[in-house]
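Me: I would like to learn how to read the features of a protein model. Could we go through one together?

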Amino acid sequence: MSKPDKQYRKIMEELQLELAGLNRWLKRSGRRLVVLFEGRDAAGKGGTIKAITESMDTRGYRVVALGKPDEHETTQWYFQRYVAHLPSAGELVLFDRSWYNRAVVEPAMGFCTKPQYDEFMRAVPAFEKLLTDDGILLIKYWLAVDQEEQEERFASRAKDPLKRWKLSPVDMASREKYAEIGKLRDRMIEHTHRSDAPWFVVDFNDQKRGRINLIRHLLENVPRHDETIPEVKLAKLKGKPKHERVTDKALWVPDSF
């Protein structure tokens, strides 16, 4: 492992310990935390969410990555399917793309009408104020990446059979709309950046640096989350350690390694 990789791993281990403390604090305090991840395709949203949750109790967080709305959902109030995923007491919810699809992706790709877009932009500040007034901690991130770097990541995904699933038809079509998406993003931020729900932009041209900066910022912007992870002392086993013996009614999977 190279020196930069070792340094990154060391910093991430320290941050993940703090994130485990955040997870524990949410449970103890009953606070609710929502983090939105928006940004360019291939910016690094999924990898950052994995880094945040890697050392957390799986019962204390949820990752929400909604697909295209079905026929039934298209008849609902736009925010309705997102409201269903908001956190209960003690929970962290991370949205891998969110209701802001309607502010950037949908208008850029022609997936919504001009009246639908205008209505969303009118309604979203009031919607988010309802969330924060009810005590939900809401943090919104835009992951920024230059087009040249984005193209390199697309090319890497296209070459790797294990990553090709990440290249959706929308991703491919959006490559020609870099400037348009930037204009829509700026209008979104200018209209929806409020004191109760501000936007934070993170440079993700270097994904590892971006993850560290974002996670540090997240930890700094959640109030009073300091929580130590208690040490655990294991009781001494009585007698000798026993072999696992399972009833013959089950079938063993052959050892093929």
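**Reading the sheet, the cores and the salt bridges**

Me: Let's start with one residue pair: what stands opposite Phe200 in strand 5?

Reply: Tyr141 is the residue opposite Phe200 in strand 5. Before going on, note that this is a predicted model, where local features need pLDDT of at least 70, side-chain atom pairs count only at pLDDT 80 or more, and totals for chains, interfaces and linings use all residues. Residues are numbered from 1 along each chain as its sequence is written, and side-chain values use heavy atoms, with hydrogens and water left out.

Me: How should I read strands and their pairing, and over how many bridges do strand 4 and strand 5 pair?

Reply: Strands of a sheet pair through backbone hydrogen bonds, either parallel or antiparallel. Helices (H or I, at least four residues) and strands (E, at least two) are DSSP runs numbered from the N terminus, and two strands pair if DSSP finds at least two bridges between them. Here strand 4 (residues 137–144) pairs with strand 5 in the parallel sense, over 5 bridges.

Me: What is the strand order in the open sheet, and which strands stand at the edges?

Reply: The open sheet has 5 strands in the order 2-3-1-4-5, with parallel pairing. Strand 2 (61–64) and strand 5 (199–203) stand at the edges; each has a single partner strand, so one side of each is left without a neighbour in the sheet. From one strand to the next, the twist averages 20 degrees (axes are lines fitted to C-alpha atoms, for helices over the stretch in contact, and angles run from 0 to 180 degrees between N-to-C directions).

Me: Now the interior: how many residues does the largest nonpolar core have?

Reply: First, the term: a nonpolar core is a set of buried Ala, Val, Leu, Ile, Met, Phe, Trp, Tyr and Cys residues joined through side-chain atoms within 4.5 Å. Buried means under 20% relative accessible area, exposed over 50%, and partly exposed in between (1.4 Å probe, protein chains only). The largest such core has 32 residues, and Leu33 and Ile52 have the most contacts inside it. Helix 1 (3–29), strand 1 (33–39), helix 2 (45–53), strand 3 (92–96), strand 4 and helix 9 (207–220) each supply at least two of its residues. Helix 1 gives the largest share, 8 residues. Another core, of 31 residues, lies apart from it and includes Phe79, Phe95, Ala108 and Trp199.

Me: Which residues is Leu33 in contact with?

Reply: Contact means heavy atoms within 4.5 Å. Setting aside neighbours within four places in sequence, the partners of Leu33 include Leu22, Leu26, Pro87, Val93, Ile139 and Val222.

Me: And how many salt bridges are found in the whole structure?

Reply: A salt bridge is a side-chain nitrogen of Lys or Arg within 4 Å of a carboxyl oxygen of Asp or Glu. The search finds 19 of them. In helix 1, Lys10 and Glu14 form one at 2.8 Å, N to O; they are 4 residues apart, about one helical turn. Lys10 is exposed at 51% relative accessibility, while Glu14 is partly exposed at 42%.

Me: Is Arg153, the partner of Glu149, buried or exposed?

Reply: Arg153 counts as buried, at 8% relative accessibility, whereas Glu149 is partly exposed at 22%. Their side chains meet in a salt bridge of 2.9 Å, N to O, and both lie in helix 6 (residues 147–159), 4 residues apart. Elsewhere, Lys27, Asp57 and Arg59 are linked in a network of salt bridges.
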